[in-house]
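Subject: Structure handover

Hello,

Here is the structure I said I would pass on. Please open it first, then read the notes below it.

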Amino acid sequence: RSQPGQGDKTSPIRSTRLLMTDDNTVKLRHAAELIKRAPSLWIGTGAGMGVGSGLGTYKGINAGVWKALIDLNIPYDTIAQPKILESDPTLAWAFYDHMHTQYFENTTPHAGYSIIAKWRQQKGPQSCFSFTSNVDGHWQRVFGEAGGRSDHVYELNGSSGFLQCSTPCCTEVWRYRDIVRKDSLCLDENGHRVAPDCLPRCPECDALLRPNVRMFYDLNWVTTEHDTQEERYQQWVSTQPEDALVLIEIGAGTAVPGVRWESAKMSRMKKAHLIRINLEQPGVKLLEKHPARQAVCLDMDAVSALEKIDQLLLEV
């Protein structure tokens with residue numbers, strides 16, 4: 001249903017109202033109204049988006065990305081630094097392999113991804129862009145054509161589906177399973193370490209390989225793919241008119257705030273409207289200063305919120 005000043009279903013959304021009610025039913029309907037009218041959708045996702053697929057986050061109520069970190073009393077932000085590859089490569093590679101297996105082989109994108117993919121199909125293939133801090137490759141699987149890579153995904157921190165030289169000696173990246181065959185790492189009985197002689201090495205210089213992801217305090221990340229994605233993203237952003245874009249931010253927390261920063265930036269640049277779905281940090285107080293022309297904050301998990309919004313789209 002239209003709001004005052006919104007006009008017909010194809011006109012830009014014009015409202016400066018910050019929806020602060022605690023009634024999720026009202027907020028869900030309002031979110032559906034925003035999405036219904038939006039010509040384009042910016043989809044920003046953090047670790048909370050993956051919870052519905054069975055993935056853990058590294059902080060918060062769903063924390064837990066690898067049980068061995070608990071067993072060994074190692075913080076996530078320690079194992080996710082490049083220096084661990086130098087100091088303890090057999091442990092580092094057990095972690096890398098576990099994460100790749102979880103992301104790419106043991107889990108699939110949940111129903112919420114399919115819902116957004118359906119909205120994209122309805123609005124047109126150029127209408128949606130995924131901006132994600134996740135390295136699980138799920139958006140590529142959802143938006144990619146025939147299993148390929150999508151031109152409408154910006155993986156801010158890279159992808160665990162690719163490897164690079166740790167030195168790095170070159171800007172090449174390799175698909176993970178082209179280098180590391182299943183069960184080739186000779187893990188110990190606890191799954192905490194790989195055999196030293198099984199450590200994957202660079203085809204070019206024989207240095208150790210590592211995931212092509214941005215780690216904490218990382219000076220050696222190869223950004224070839226990232227830079228290409230960023231260029232496509234900026235080009236897409238430049239084509240979006242003011243007052244028409246809706247930002248759907250899902251599961252993006254404040255500990256690693258890249259997605260939240262980008263949503264604020266997009267709001268300023270494009271006078272965009274925000275739908276924030278975040279079970280732990282819906283950020284109502286922060287949103288009082290958020291530049292979004294209209295903001296809907298939902299303290300819900302991704303799957304539940306997206307399913308309910310999708311149902312309401314049939315009514316608004």
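**The loop after β5**

Pro168 sits in the loop that runs between β5 and β6 (173-175). The names of helices and strands come from DSSP runs, numbered from the N terminus, with H or I over at least four residues for a helix and E over at least two for a strand. A cis peptide bond, with omega at about -15 degrees, joins Thr167 to Pro168. Most peptide bonds are trans, and most residues other than glycine have a negative phi.

Two residues here have a positive phi without being glycine: Asp206, near 75 degrees, and Tyr217, near 55 degrees. Asp206 belongs to the loop between α8 (176-179) and β7 (209-213), and Tyr217 to the loop between β7 and α9. Asp206 is partly exposed at 48% relative accessible area, while Tyr217 is exposed at 71%. The cut-offs are under 20% relative accessible area for buried, over 50% for exposed, and partly exposed in between, using a 1.4 Å probe and protein chains only.

**What you are looking at**

The model is predicted, so local features need pLDDT of at least 70 and side-chain atom pairs count only at pLDDT 80 or more, whereas totals for chains, interfaces and linings use all residues. Residues are numbered from 1 along each chain as its sequence is written, and side-chain values use heavy atoms, with hydrogens and water left out.

The protein has 316 residues, and 53% of them count as buried. Its secondary structure consists of 12 helices and 10 strands. Its accessible surface is about 14,600 Å², and carbon and sulfur atoms hold 49% of that; the areas come from the Shrake-Rupley method with a 1.4 Å probe, and for residues only the protein chains shown count as cover. A contact means heavy atoms within 4.5 Å. Among contacts with a separation of 6 or more, 70% are between residues 24 or more positions apart.

**Three buried helix residues**

Which helix holds Trp119? Trp119 is in helix α6 (residues 111-123), and counts as buried at 1% relative accessibility. Leaving out residues up to four places away in sequence, Trp119 touches Ile35, Leu41, Ile248, Leu306, Ile309, Asp310 and Leu313. Ser40 lies 79 residues from Trp119 along the chain, yet their C-alpha atoms are separated by 9.8 Å.

Lys270 is in helix α10 (residues 258-270). Is Lys270 buried or exposed? Its relative accessibility is 10%, so Lys270 counts as buried. With residues up to four places away in sequence not counted, Lys270 touches Val237, Ser238, Gln240, Pro241, Glu242, Asp243 and Leu245. From Lys270 to Val246 the C-alpha distance is 9.6 Å, with their positions 24 residues apart in sequence.

Gln229 lies in helix α9 (residues 224-238). Gln229 is buried too, with a relative accessible area of 2%. On the same counting rule, which leaves out residues up to four places away in sequence, Gln229 touches Gln140, Arg149, Val153, Tyr154 and Glu155.

**The cavity**

Rolling a probe the size of a water molecule over the atoms shows where empty space is left. Here a cavity is a set of points, on a 1 Å grid over the protein atoms alone, where a 1.4 Å probe fits but cannot get out; lining residues have an atom within 4 Å of a point. Grid points are joined across faces, edges and corners, and a volume is the space filled by probe spheres set on the points.

How many cavities of 30 Å³ or more are there? The count is one. The largest cavity holds about 30 Å³ of space. Its lining consists of Arg149, Glu155, Gly158, Ser159, Phe162, Asn212 and Glu225. Strand β5 (residues 158-165) gives the largest share of this lining, three residues. By type, the lining has one nonpolar, three polar and three charged residues.

**The cysteines**

A disulfide is a covalent bond between the sulfur atoms of two cysteines. The rule used here asks for a pair of cysteine sulfur atoms within 2.5 Å, and the count is zero. Why does Cys202 not form a bond with Cys169? The sulfur of Cys169 is the closest cysteine sulfur to that of Cys202, but at 3.7 Å it is too far for a bond. Cys202 is buried, with a relative accessible area of 3%. Cys128 also counts as buried, at 0% relative accessibility.

Regards

Key:
On a 1 Å grid over the protein atoms alone, a cavity is a set of points where a 1.4 Å probe fits but cannot get out, and a pocket is an open set with protein on both sides within 12 Å along at least five of seven lines; lining residues have an atom within 4 Å of a point. Ala, Val, Leu, Ile, Met, Phe, Trp, Tyr, Cys and Pro count as nonpolar, Asp, Glu, Lys and Arg as charged, and the others, Gly among them, as polar.
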